[in-house]
There are 2 protein chains.
Amino acid sequence: MTTNERAPEGDRTLAANEDRLTMPLVEAMETQRAVRKVLPDPVDDDLVLRCIELALKAPTGSNGQNWEFVVVTDRAKKAALAKRYRQAWRIYGGIGRRISKGDGSMNKILDAVQWQVDHFEEIPVLVVPCLKGSRAPFVPVPPMAHSSYYGSIYPSVQNLLLAARSFGLGASLITLPLWSTISARKILGLPVSVQPACIVPLGWPRGRYGPTTRRPVGDVVHRDTWGSQPWK
Amino acid sequence: MTTNERAPEGDRTLAANEDRLTMPLVEAMETQRAVRKVLPDPVDDDLVLRCIELALKAPTGSNGQNWEFVVVTDRAKKAALAKRYRQAWRIYGGIGRRISKGDGSMNKILDAVQWQVDHFEEIPVLVVPCLKGSRAPFVPVPPMAHSSYYGSIYPSVQNLLLAARSFGLGASLITLPLWSTISARKILGLPVSVQPACIVPLGWPRGRYGPTTRRPVGDVVHRDTWGSQPWK
């Protein structure tokens with residue numbers, strides 16, 4: 001575990017953990033990773049609300065702040081979402097296994113997702129960030145409309161994930177349980193004008209945070225025009 | 001200016017500013033805001049690359065890391081993007097003015113955007129985060145496919161914005177100059193398989209960072225089902 005990681009056996013209230021938000025920005029970013037295996041122990045509401053409060057500091061298109069967050073702790077609702085997650089995972093997980101055959105690090109990720117799928121009802125908190133004002137379905141719109149739309153929620157999701165990381169809360173970013181928007185709306189009681197964007201499951205970690213592996217920055221940066229890669 | 005803000009007259013190299021990334025996470029988030037008015041002075045490549053390097057720490061769907069970043073400093077290319085920005089702003093800026101009539105804080109935002117539109121060629125750096133593997137255009141897909149797609153780039157954009165904030169670099173998140181994907185691809189030499197998501201203009205600020213105004217967290221949080229708002 002990193003130096004800033006404390007065992008979850010300690011005081012898990014917001015008051016006892018608020019100071020962890022002073023983690024250096026660079027440390028939070030460099031040690032952020034999906035932590036899917038979490039304990040069933042409850043997470044203090046105040047901690048979840050503080051993470052969402054910081055999520056709200058992120059930018060939105062035209063400063064619309066057209067976000068809402070559903071915090072799911074009810075077991076029946078978690079089970080209903082789990083059912084949808086399992087349906088989608090039966091298809092995508094199988095594809096993943098076939099593609100990643102022999103790739104150890106990808107298999108490790110798939111194992112962790114499998115754990116999450118199997119234990120979804122036991123995860124203490126599911127945060128569902130939503131956008132108000134859904135686009136009309138099946139109407140072609142320019143790609144930028146989509147990009148601006150989701151660009152008004154995912155910056156906030158990243159703040160939520162970084163805040164969770166600084167508290168030492170396990171978190172990940174998933175969309176599969178929401179594959180059927182109709183079903184998700186029914187489970188969460190969402191009006192048709194509200195679009196669930198993703199789910200961030202939260203819990204005290206069984207796994208741990210730590211550095212991730214990424215391609216060198218020079219490999220993904222182009223100067224002025226595609227293919228000009230002076231830092232590669 | 002906040003305590004961590006230094007005048008841009010100082011040493012603007014990465015070496016002299018690297019330690020600013022240790023800004024407490026909570027301070028970076030709470031003082032992040034769009035800073036559109038920036039100086040024409042060049043920004044050290046190393047600083048831009050460090051911001052992008054930290055952007056790469058964000059999560060992507062299925063850990064695909066299917067991102068690329070075009071760093072635009074060429075004036076002709078900036079002017080070509082500026083032309084598209086002005087075309088879109090003539091329509092959307094006018095609508096914005098009519099809607100925000102009498103709303104002082106919205107008018108302040110619109111003034112800052114107007115400044116950005118008018119001075120777009122003078123902004124030293126435009127970072128264009130892109131996604132590889134574009135969706136087929138005009139084919140209806142479930143909303144989750146869109147969400148997962150853009151959910152694989154906007155968390156990284158938020159890291160980029162937070163890193164810029166900690167360096168004291170002015171930054172904002174815009175999509176209007178990319179309204180014509182065909183035109184954007186032509187300007188940046190992008191293959192059709194690459195989708196530009198947004199633009200983050202970067203420069204040393206004329207404006208300043210500072211706290212933003214948001215609705216109280218209890219107003220946007222629902223417990224288990226829409227409309228159940230115990231923290232409101």
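**Exercise 1. Identify what covers the buried residues of helix α8 of chain B, and establish on which side of the helix they lie.**

*Solution.* The cover over the buried residues of α8(B) includes β1, α4 (75-100), β2 (125-132) and β4 (194-196) of chain B. Helices (H or I, at least four residues) and strands (E, at least two) are DSSP runs, numbered from the N terminus. Contact requires C-beta atoms, placed from the backbone, within 7 Å.

The model is predicted: local features need pLDDT of at least 70, side-chain atom pairs count only at pLDDT 80 or more, and totals for chains, interfaces and linings use all residues. Residues are numbered from 1 along each chain as its sequence is written, while chains are lettered from A and ligands numbered from 1 in the order in which they are written.

Next, list the residues. In α8 (residues 181-188) of chain B, A184(B), I187(B) and L188(B) are buried (20 or more other C-beta atoms within 10 Å of the residue's own; exposed means 12 or fewer, partly exposed in between). Because they cover an arc of only 85° around the axis, they lie on the same side of α8(B); the arc is that of the directions from the helix axis to the C-beta atoms. I182(B) and K186(B), on the other side of α8(B), are exposed.

**Exercise 2. Determine how the two chains are related and through which surface they meet.**

*Solution.* A turn of 180° and a shift of 0.0 Å along the axis lay chain B on chain A with an RMSD of 0.0 Å (least squares on C-alpha atoms of residues with pLDDT of at least 70 in both). The two copies are therefore related as by a two-fold rotation axis.

Then compare the interfaces: 100% of the interface residues of chain B are also interface residues in chain A, so the copies meet through the same surface.
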